[in-house]
Amino acid sequence: MDAQVIARWQFGITTVYHFFFVPVTIGMTWLVAVLETMWVRTKNEEWLRLTKFFSKLFLINFAAGVVTGIVQEFQFGMNWSEYSRFVGDIFGAPLALEALIAFFLESTMIGVWIFGWDKLSPKVHNFVMYLVAAASSISAIWILAANSWMQNPVGATFNNGRAELTDFTALLTNPFFLGTFPHVIGASFMIAGGILLGISGWKMAKLAKIRNQANASGTAALPAEHETWRKTAKIGAWVVLVASILTALSGHVQAQVEANYQPMKLAASEGLVETKTNAPFSIIGIYTQDRVDGTTKVKEVFSLDVPYVLSFLATNDPTAEVKGITDLTAQFKESGYYAADNTRNQLQEKYADALDTSTVDPVPNVMASYYSFRLMMVGLLGAVVSIWALVALRKNRPTPTGKLWKASMVAMPFLPLVASSFGWILMEMGRQPWIVYGVLPTYTAVSPNVSAGAVLFSTILYTLVYGVIAVVVLKLFFRVIGKGLPEVKHPQRAQEDDETVYFAY
């Protein structure tokens, strides 16, 4: 057993699992805040019921996200001590700011929001949820800034055997961060909108089917809740559609940043073995990958291509040249890492003398990168379903009750969620063999004194615990969804002063 391989599996499993909950939190906070705003403005009880219903799902998700996120901090020190030592000066700043500015605000305001219904005025209570939403997005800023630094380590130098931060603002102007942040926010709203549309559309179909069955005996009226669910179904569909456009546009920006700073990742994710002009986009392909004399040889077995598309995605020029895996590998073996524009940043330049490129195979897992990218694009099917929903639910059109509609509604929350997860798999697996791109190979970052058995034991333990959490979360979700909209009364702010609490000793 190899401790590094097991440690990578552990980090991948726990990180992707944690990331199931992160975009849901980011998107749902804003949508719950909007639903409460509609109630505050209209005083319509329907909006209050919707707020209470979707906030329960959000709170279940938030609790699971906190529990699963704790492990991420421990893993850096347990399994990746050399990485922690090397990047601690850089990573410490954004992670500390994430905790101090974002997480403390978010967790505190959630408590105020939960227990403040009868303590705060409706407007102030609603404002508290907007603070929670803002905090969740601010948290994403610092986490993504740290991750983007690993993709493109700007604003740092090599000194005393470790990376040292020289320009803090470079973390927030990193081209990777500027493309990744809107991409993640867009994906988060796609997932949250998918939850609103999926649950509401499924509930509407269920109520319409009950009415249709009863209509045979002369009962024609739809339950009142049907129109309540229509409100969030439409909101969810619009959110998914708009967020899909933002995600696609920011993804295009990301592809161009990647083409310059990580051309090998781009080539692997597109199965581009040889350098080509008019580079095609591969719709589906099969590739073999063999290691010969320390160097990976990739061979295309089959590929169904559309010409010009990859060149356009990478450069906005459909006839441009895009380098393939073979040429990029030869270039790395000859001169080390360079971006596509033949530059490298200060840290990469200063660390070049300490890096033994003969021990580094620059090619990531091609099939994993290739199919992660295509599974990521499956999320855009949510935009198609949202357009269908907007057309189907216009005015007083009868709600679809067929199997295709129900299946689409069930799939709606999962399509963007699965796509988002595979986007992270592509981001991290495509970065290999680097844990800090162009500087620190992954095999050098693992804890030297942690045995493979110890890492395997903790991996099994985490997997079992996460399995239990998954069962609990799904059970709670299904229970809340099964109960439907709660009965509510308008919160009344207490008029009398609270009793004075004295500190006695």
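A cavity here is a set of grid points where a 1.4 Å probe fits but cannot get out. With that in hand, here are some close-ups of this predicted model.

**View 1. Two cavities in the structure.** Counting those of 30 Å³ or more, the model holds two cavities. The largest has a volume of about 180 Å³, and the second largest comes in at about 60 Å³.

**View 2. Around the largest cavity.** Sixteen residues make up this lining, and Pro-263, Leu-328, Phe-332, Tyr-337 and Tyr-338 are the ones nearest the centre. Helix H8 (263-269) and helix H10 (325-335) each chip in at least two lining residues. H10 gives the most, with three. Sorted by class, the lining has 11 nonpolar residues, four polar and one charged.

**View 3. Around the second largest cavity.** Here, strand S4 (281-292) and strand S5 (295-306) each supply at least two lining residues. Look for Phe-281, Ser-282, Tyr-287, Glu-300, Ser-303 and Asp-305, which are among the residues of this lining. Others to spot include Glu-270, Gly-271, Leu-272, Lys-276 and Pro-280. The class split for this cavity is four nonpolar, three polar and four charged.

**View 4. Helix H3 meets helix H4.** The axes of H3 (residues 81-115) and H4 (residues 122-151) come within 7 Å and cross at roughly 170 degrees. Angles over 145 degrees count as roughly antiparallel, so H3 is roughly antiparallel to H4. Their contact brings together 25 nonpolar residues, three polar and two charged.

Note on methods
Residues numbered from 1 in each chain as written. Predicted model: local features only at pLDDT ≥ 70, side-chain atom pairs only at ≥ 80, totals over all residues. Heavy atoms only, no water. Axes fitted to C-alpha atoms, helices over the stretch in contact; angles between N-to-C directions. Helix = DSSP H or I, 4+ residues; strand = E, 2+ residues; numbered from the N terminus. Parallel < 35°, antiparallel > 145°, perpendicular 65-115°, else oblique. Nonpolar A, V, L, I, M, F, W, Y, C, P; charged D, E, K, R; others polar. 1 Å grid on protein atoms, 1.4 Å probe; cavity = no way out; pocket = protein on both sides within 12 Å on 5 of 7 lines; lining within 4 Å. Points joined across faces, edges and corners; volume = space filled by probe spheres on them.
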